Amino acid sequence: MESICELKDIYKSLYKFEKDFQTKYGITINEAMVLCYLYDGETRTAGEICEYIGLSPSRVSKVVNSVEKLGFVERKLSDADKRLMLFALTTSGLRKITTMKQSDFNADELYAQLRKCVSK
């Protein structure tokens with residue numbers, strides 16, 4: 001039972017980090033991971049995004065729809081296979097992720113909290 005309590009502390013640390021991240025950048029960590037994955041300018045399928053982020057297809061669909069509504073990602077049909085939907089960063093999305101990468105937000109406090117939880 002003690003390990004469940006330790007997991008609670010880890011979850012609380014991650015939750016606080018996510019809230020601080022969202023407050024600073026106006027997007028969730030999952031949304032930011034989509035932008036990071038598309039940062040290289042390549043188009044990606046939803047399946048590739050699922051694999052990169054490690055979320056279920058239904059969850060990735062919600063995240064991709066969210067960043068699409070924010071104007072950071074666009075979707076288009078594959079030229080090779082019209083059944084395949086591809087996703088790419090918009091100019092606005094590229095600006096957003098570039099700004100985020102250049103910011104001073106660091107995860108040192110999160111790492112310290114997680115080390116503290118794990119070392120108990």
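S13 is buried in this predicted model, its relative accessible area being 11%, which places S13 under the 20% limit that defines a buried residue. The residue belongs to helix α1, and once residues up to four places away in sequence are set aside, S13 touches L110, Q113, L114 and C117. S13 also takes part in the lining of the largest pocket, together with K16, F17, D20, F105, N106, D108, E109, L110 and Q113. Two elements, α1 (2-25) and α6 (108-118), give two or more residues to that lining, and the space in the pocket comes to about 160 Å³. L110 and Q113 therefore appear twice in this description, as contacts of S13 and as residues of the pocket lining, while S13 itself counts as buried at 11%.

From this pocket one can step back to the chain as a whole. The chain holds six helices and three strands, and their order along the sequence is α-α-β-α-α-β-β-α-α. Along the principal axes, the C-alpha atoms fill a box of roughly 55 × 35 × 20 Å. Of the contacts with a separation of 6 or more, 56% join residues that are 24 or more positions apart. The accessible surface comes to about 8100 Å², with 54% of it belonging to carbon and sulfur atoms, and buried residues make up 31% of the 120 residues. As for charge, the chain has 19 positive and 17 negative charges, and the mean positions of the two sets are 5 Å apart.

Within this framework, helix α2, which spans residues 29-38, deserves a separate look. Eight of its 10 residues are buried, so α2 is largely enclosed by the rest of the structure. The buried residues of α2 are I29, N30, E31, A32, V34, L35, Y37 and L38, a list in which N30 and Y37 can be followed further. N30 has a relative accessibility of 17% and therefore counts as buried; leaving aside neighbours within four places in sequence, N30 is in contact with I53, L55, R59 and V63. Y37, also in helix α2, is buried with a relative accessible area of 18%, a value that falls under the 20% limit. With residues up to four places away in sequence not counted, Y37 touches R44, E48, I49 and Y52.

The surroundings of α2 lead on to helix α3, which covers residues 46-53 and in which C50 is placed. C50 is buried, and its relative accessible area is 13%. Between C50 and V34, which are 16 residues apart in sequence, the C-alpha to C-alpha distance is 9.4 Å; V34 is itself one of the buried residues of α2. Not counting residues up to four places away in sequence, C50 touches L55, S56, P57 and V60. L55 is thus named among the contacts of C50 and also among those of N30.

A last distance relates α2 to the pocket with which this account began. Y37 and F105 are 68 residues apart along the chain, and their C-alpha atoms are separated by 19 Å; F105 is one of the residues that line the largest pocket, whereas Y37 is one of the buried residues of α2.

Notes
Residues are numbered from 1 along each chain as its sequence is written. This is a predicted model: local features need pLDDT of at least 70, side-chain atom pairs count only at pLDDT 80 or more; totals for chains, interfaces and linings use all residues. Side-chain values use heavy atoms; hydrogens and water are left out. Helices (H or I, at least four residues) and strands (E, at least two) are DSSP runs, numbered from the N terminus. Buried means under 20% relative accessible area, exposed over 50%, partly exposed in between (1.4 Å probe, protein chains only). Contact means heavy atoms within 4.5 Å. Accessible areas come from the Shrake-Rupley method with a 1.4 Å probe; for residues, only the protein chains shown count as cover. Lys and Arg count as positive and Asp and Glu as negative; His and the chain ends are not counted. The place of a charge is taken as NZ of Lys, CZ of Arg, CG of Asp or CD of Glu. On a 1 Å grid over the protein atoms alone, a cavity is a set of points where a 1.4 Å probe fits but cannot get out, and a pocket is an open set with protein on both sides within 12 Å along at least five of seven lines; lining residues have an atom within 4 Å of a point. Grid points are joined across faces, edges and corners, and a volume is the space filled by probe spheres set on the points.
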